[in-house]
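Student: I should like to take a close look at a single part of this molecule. Could you guide me through the largest pocket and the strands around it?

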Amino acid sequence: MATPSQCLASMARLTLSSSRRPIQHSVPRITVPLSVETRRYKGTGNKMQIQANRRRKEEAKKDKKKLSKEFSTPSLVTMEQFSLIDAMRTGGNVRFIRAVEVGKPPSMVKYDLALRLKTNRNARPVRNRLILPHPVKMSSRIIVVCPENSKIAEEALAAGAVAAGEESLFEQIRSKKLKFGKVIAHTDSFGAMQRARLGPILRNLMPSPRTKTVTANVPKLIKEMSSAEQYRERQGTVRVCIGQLSFTPQMLANNVKALVSKVKGDMEQMDDDGVNSKSLHEVVLSSTNGPGLSLDGGFLSTDPNVTEEHITGPM
């Protein structure tokens with residue numbers, strides 16, 4: 001039987017042995033190198049999203065086709081083209097422009113002419129005004145920016161302008177309560193109009209020396225703009241209202257010839273370098289509700305039985 005002193009000694013040994021930490025054998029840590037993708041996306045979620053967006057943009061740039069230097073123009077080799085009378089006529093099995101407009105008021109239907117140009121995308125657009133030999137009657141409300149209550153304003157109103165002035169006119173434009181189709185600026189008020197910052201409201205109606213809508217002779221310009229057709233090249237095409245459906249083929253031919261000659265003259269003046277080089281590619285005639293028909297430059301019909309008298313007058 002163990003004595004009390006022996007029991008105390010054994011308990012002390014057990015306490016000491018339990019308090020000792022076990023011996024840990026060191027194991028070498030194996031470092032595994034991170035992959036390229038792991039290193040790229042290691043971090044916050046925002047960084048991963050930025051990287052993914054950047055990769056998508058780079059792929060989109062590769063897939064995006066490069067635009068050609070020139071606007072695309074259709075091939076005329078296999079395209080069916082018509083003389084002016086053939087494009088206008090109707091009757092029997094022939095279903096051209098006038099056939100589509102049967103039953104509509106002749107004065108309400110317009111002929112439109114589209115001139116497709118061969119031109120560079122970064123070339124200056126063709127823009128000008130033309131008084132046609134047979135003007136197309138279209139109502140156009142003209143407003144004039146000029147000094148308030150001046151003699152110029154009185155002359156503008158007498159010449160046919162619907163409103164004239166500066167600050168009072170600017171307020172009407174901003175409120176969008178005034179209806180108008182054209183804007184003219186007097187040279188003395190052009191600076192005030194620029195300071196009014198009406199460009200975002202007026203857009204393509206904003207007067208500019210380039211569009212010849214800033215003048216010192218307001219009555220003369222009002223008279224010219226009332227009877228003149230304005231045209232501007234957009235996406236390589238010049239579109240102009242060329243006549244009414246009640247026009248005879250000869251009247252329409254005169255207008256077409258005048259417009260084509262005017263645009264060709266504009267292109268010759270602009271052909272001062274290789275960038276602005278332009279040429280006429282195609283002439284297309286259409287109507288308000290009708291199709292577009294490519295013209296071959298001829299006037300008479302290919303059918304000898306069809307003459308100008310067949311399509312003159314009401315339908």
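Tutor: The account below begins with the pocket and then follows the strands connected with it.

The model before you is predicted. Its largest pocket has a volume of about 820 Å³. There are 31 residues in the lining, and those closest to the centre of the pocket are Lys 182, Asn 204, Leu 205, Gln 230 and Tyr 231. Sorted by class, the lining holds ten nonpolar, eleven polar and ten charged residues. Several elements supply at least two lining residues each: strand 4 (127-130), strand 7 (182-186), helix 10 (218-227), strand 9 and strand 10 (237-244). Strand 9 gives the largest share, namely five residues.

Let us therefore turn to strand 9, which contributes the largest share of the lining, and to its surroundings.

Strand 9 covers residues 229-234, and Arg 234 belongs to it. Is Arg 234 buried, exposed or partly exposed? Arg 234 has a relative accessible area of 47%; because a residue counts as exposed only over 50% and as buried only under 20%, Arg 234 is partly exposed. Arg 234 and Arg 127 are 107 residues apart in sequence, yet their C-alpha atoms are 9.6 Å apart in space.

The pairing of strands comes next. Strand 4 and strand 9 are antiparallel partners, joined over four bridges. Within this pairing, Arg 129 has Gln 230 of strand 9 as its bridge partner. Gln 230 is also among the residues closest to the centre of the pocket.

Both strands belong to an open sheet of six strands, in the order 4-9-10-3-11-12, with antiparallel pairing. Its edge strands are strand 4 and strand 12 (293-294), each of which pairs on one side only. Helix 11 (residues 249-270) packs on this sheet and touches strand 3 (110-119), strand 4, strand 9, strand 10 and strand 11 (278-287). The direction of helix 11 makes about 155° with that of strand 11.

Further along the sheet, strand 3 and strand 11 run antiparallel and are joined by nine bridges, with Asp 112 opposite Ser 286 of strand 11. Strand 11 also pairs with strand 12 in the antiparallel sense, over two bridges; here Val 284 stands opposite Ser 294. A hairpin connects strand 11 to strand 12 through five residues. Strand 11 is largely enclosed by the rest of the structure, because eight of its ten residues are buried.

We may now return to the pocket by way of strand 7, which also supplies at least two residues of the lining. Five of the five residues of strand 7 are buried. Both of its faces are covered: Lys 182, Ile 184 and His 186 lie on one side, and Val 183 and Ala 185 on the other. Strand 7 runs parallel to strand 5 (residues 142-145), with four bridges between them, and Val 144 stands opposite Ile 184. Strand 7 is likewise parallel to strand 8, to which two bridges join it; in this pairing His 186 stands opposite Thr 215.

Thr 215 lies in strand 8 (residues 214-215). Its relative accessibility is 17%, so Thr 215 counts as buried. Leaving aside residues up to four places away in sequence, Thr 215 touches Ile 184, Ala 185, His 186, Thr 187 and Leu 221.

Technical notes: Residues numbered from 1 in each chain as written. Predicted model: local features only at pLDDT ≥ 70, side-chain atom pairs only at ≥ 80, totals over all residues. Heavy atoms only, no water. Buried < 20%, exposed > 50% of the residue type's maximum accessible area, 1.4 Å probe, protein only. 1 Å grid on protein atoms, 1.4 Å probe; cavity = no way out; pocket = protein on both sides within 12 Å on 5 of 7 lines; lining within 4 Å. Points joined across faces, edges and corners; volume = space filled by probe spheres on them. Nonpolar A, V, L, I, M, F, W, Y, C, P; charged D, E, K, R; others polar. Pairing = 2+ DSSP bridges. Contact = heavy atoms within 4.5 Å. Axes fitted to C-alpha atoms, helices over the stretch in contact; angles between N-to-C directions.
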